[in-house]
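Please open the model in your viewer and keep the selection tool at hand. The tour moves from one side chain to its surroundings, and then on to the rings.

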Amino acid sequence: MRMATSDHCRKPPAEVSGSRSSRRAWSGSVDSPNLEFEYGDSDSIVAELSELYSYTEEPEFAANRDCFEEDFAIHGKGKKWVELEEAEHKAYLMRLLDGLEVINREKRLKFARAILYLAQGVFDDCYTDPEAVHWARYNVFLLYEMGMFGALVELLNMEIDNSQACSSSLRKPAISLADSTELRVLLNIMYLMVEIMRREVEDDKPEWSAARDGFRTELSSPVYNGEPFTVLLFSLVNKFCSGHAPHCPIKKVLLLLWKTVLFCLGGFEELQELKVEKRVRLGLPPLPENSIQVMRTLRAASPPASAMDVLEQQQKRGRRGRRVLMKQDSLDIYSERDEAREEDDEADDGDAGIDGEVDPLEREALIQPLPSPRVPPERVFFPRCLPWAPKVREKDIEEFLEVSRCKFIGFTLGNDTDTLVGLPRPIHESVKTLKQHKYISIGEVQAKREEELQKSPVSLGAEEVEQTPVEVLYQGMLYNLPQYMIALLKIQLAAAPTSKTKTDSINILADVLPEEMPITVLQSMKLGIDVNRHKEIIVKAISALMLLLLKHLKLNHIYQFEYVSQHLVFANCIPLILKFFNQNIMSYITAKNSISVLDYPHCVIHELPELTTEALEAGDNNQFCWRNLFSCINLLRILNKLTKWKHSRTMMLVVFKSAPILKRVLRAKQAMMQLYALKLLKIQTKYLGRQWRKSNMKTMSAIYHKVRHRLNDDWAYGNDIDARPWDFQAEECALRVNIETFNSRRYGLYRSDLEFAPVDNCLQSVLGHHLPLPEDFRYSYELWLEREVFAQPIRWEDLLQPLA
């Protein structure tokens, strides 16, 4: 028996065909089950450890064990590792630590493999998967206590600077797994240490909790060549994308980078706690609700009918000469039977198209005839209320009062939201209601404070910046941050399932391709699954990493978040994410690119059965793939972060025709994924026109019931002032000026040292200052004096003119 396996790859769809039955088999329809997916910082410990290794690396488990047993047989006193005392463990680890300092490269690699075997849980002495994980946990904390991580970082720096390995890999026609052996061994150990130590378990020893806090502080501090460990990994990613380290195992680097950021900065639960604490410090009202808890209570909705299915049903009604109802649950999860009847009538009228377009992928949705009458099951009634408390910005109240004053009084009072003289009683009540739901974000307070610091730098004094882990990371990334973001997007593009291989694209398969290419059908199938799995894990790591960075930087300072966001937008992150979703998203979510018997630790604990092509084709009997659904939700959240309150970026969604793409995302019956897709649809409905809104009333209803309301946001009608022509370039330029001003004031990024240099106003001091002159100047001094001094007229009136 094994624990929850690595890739919770639930049962995949059947192949899409033209027949109605095949579409019914998998489509996100009324009768298809909800995806029982629990979103979190990461998957289970076994799943995350197994995704570190590709299936091509399977023989290396035995190599690690052999290197350990060869040395341990001499110094282990004839006992097994699990039979020794802790003092004996520490003594042997000191020997391995000394072995990492030998000059001979091959001997050093053998000691590193022995350490990796210990970090993998001495699986040859274990009989079950939990036992291997237990010993891996014990050994990893012991490795950290003996100072192993610092030695590994030094070796990693040596390998990064190893120009010989880079040049030799460049000379080869194809880079394979053998070109990155040393790097992979080091990264494996470091990943195991970070991933295992960051997880808290109930039966942890007190000293382990102290070690975890110390390790987090060490990784967050600039102790590795004056910069945090995260910045070292970012530089390695940048080096890989620039072609200076093509042999780098990029998947392992990205996984280690993601888990390091997650460990140092904290996950989504920690973010929520930090947000609450920061609002208290700033004197802001508490949050109206806990968004994480609300998200867990949401239920998935059935997807809207597609235009192609409506046409198909109309044709069948015409041929058969009788009425066929298209039964579809309302996207409104709180609807009653009368609303359901109304939706059936709407479906008969052909309600579901998108501006009359018929996308080929629309054929994948399901329309079923009305089932035979039966006793309805017991329904679970939810309270008739919206899941989110409404919010109102200060700007919204100001705009409402400006319109009201112009209508009833004839003049405005600027930003005054307190004076209501001359306005009718209903306006008073409206303002009172708006103020009851007014929400001031942390970003608004930070932006206002930054504006004050720019206006009064002397009177307000120097700003005290708390050196939090996020602040230290931002300072370390600041000067190369554009390159880091471009590098991540390049790898994301190469790993996307919709991208086509190009000659100039980077090679992300260096750490998965074997030295000898497969020669049998079974080997080819296994390698194909491994390559697809490899790409999926890369997408998962990058999406989670970017989302964590955006959320933590936004909480730390709004302009740090805007700086990263703007570089992502300039690097075409928005069309890249839309291109990712422009595929059969249900096939991607339910893909089964995994071989459970080859996942760690199952493959090293149990006897491996004989693999057959039939077994590989069958795959796992799981409903969906955890990592792929996790990646999709992360990318939708990133897209929301980039476009929220940015009209220019919202117009990019409209220009790139994202509405049909996002509607296809709604077919996945997972509440959180549907919520973020509906948010993206909501912000652009005012730009899509009346016909689109009329043809997508079920989607509009879903937005109303699932997405938070802004009380005076006229999103459903398109009459808002923001829907008018907008100077989008000016909006981005103004934001860029604010970002550059912030980075210049706080970090001196764009500032010249001469700008604020002191001016010497003393005449004697200026005349007595020694200036370096060329040697021949004394020979031409009289000529220079005649030409530059006596021949130039003195315009005394210029001294009386005021300074510009």
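Begin by selecting Asp71, which in this predicted model has a relative accessibility of 11% and therefore counts as buried, the limit for that class being under 20%. The residue belongs to helix α3, and if you display its side chain together with that of Arg95, you will find the two joined by a polar contact of 2.5 Å. Expanding the selection around Asp71, and leaving aside residues up to four places away in sequence, brings up Tyr92, Arg95, Leu96 and Phe111 as the residues that Asp71 touches.

Next, stay in helix α3, which spans residues 58-75, and select Phe68. With a relative accessibility of 3%, Phe68 counts as buried. Which ring meets Phe68 in an edge-to-face pair? Over the whole structure a search finds 34 aromatic pairs, and one of them joins Phe68 to Trp81, with 6.1 Å from centre to centre and 80° between the planes, an edge-to-face arrangement. Because Trp81 lies in the loop between α3 and α4 (86-99) while Phe68 lies in α3, this pair ties together parts that are 13 residues apart in sequence. Trp81 is itself buried, at 1% relative accessibility.

Keep Phe68 selected and add Tyr117, whose ring centre is 5.0 Å from that of Phe68; the planes stand at 35°, so this pair is classed as tilted. Here the link is between distant parts of the chain, since Phe68 is in helix α3 and Tyr117 is in helix α5 (residues 105-119), 49 residues apart. Tyr117 is buried as well, with a relative accessible area of 1%.

Now widen the view to the aromatic cluster that includes Phe68, Trp81 and Tyr117. Selecting Tyr53, Phe61, Phe72, Tyr92, Phe123 and Tyr600 in addition to those three displays the cluster as one group. Tyr92 will already be familiar from the first stop, where it appeared among the residues touched by Asp71.

Two last selections show a charged group placed over a ring. Select Arg533 with Tyr55, and you will see the charged end of Arg533 over the tyrosine ring, 4.4 Å from its centre. Then select Lys259 with Trp258, where the charged end of the lysine sits over the ring of Trp258 at 4.5 Å from the ring centre.

Notes. Residues are numbered from 1 along each chain as its sequence is written. This is a predicted model: local features need pLDDT of at least 70, side-chain atom pairs count only at pLDDT 80 or more; totals for chains, interfaces and linings use all residues. Side-chain values use heavy atoms; hydrogens and water are left out. Rings of Phe, Tyr and Trp (its six-membered ring) pair if their centres lie within 6.5 Å; planes under 30 degrees apart count as stacked, over 60 as edge-to-face and the rest as tilted. Helices (H or I, at least four residues) and strands (E, at least two) are DSSP runs, numbered from the N terminus. Buried means under 20% relative accessible area, exposed over 50%, partly exposed in between (1.4 Å probe, protein chains only). A charge sits over a ring if NZ of Lys or CZ of Arg is within 6 Å of the ring centre and within 35 degrees of the ring normal. A polar contact is a pair of N or O atoms within 3.5 Å; within protein, one must be able to donate a hydrogen and the other to accept it, and residues adjacent in sequence count only if both atoms are side-chain atoms. Contact means heavy atoms within 4.5 Å.
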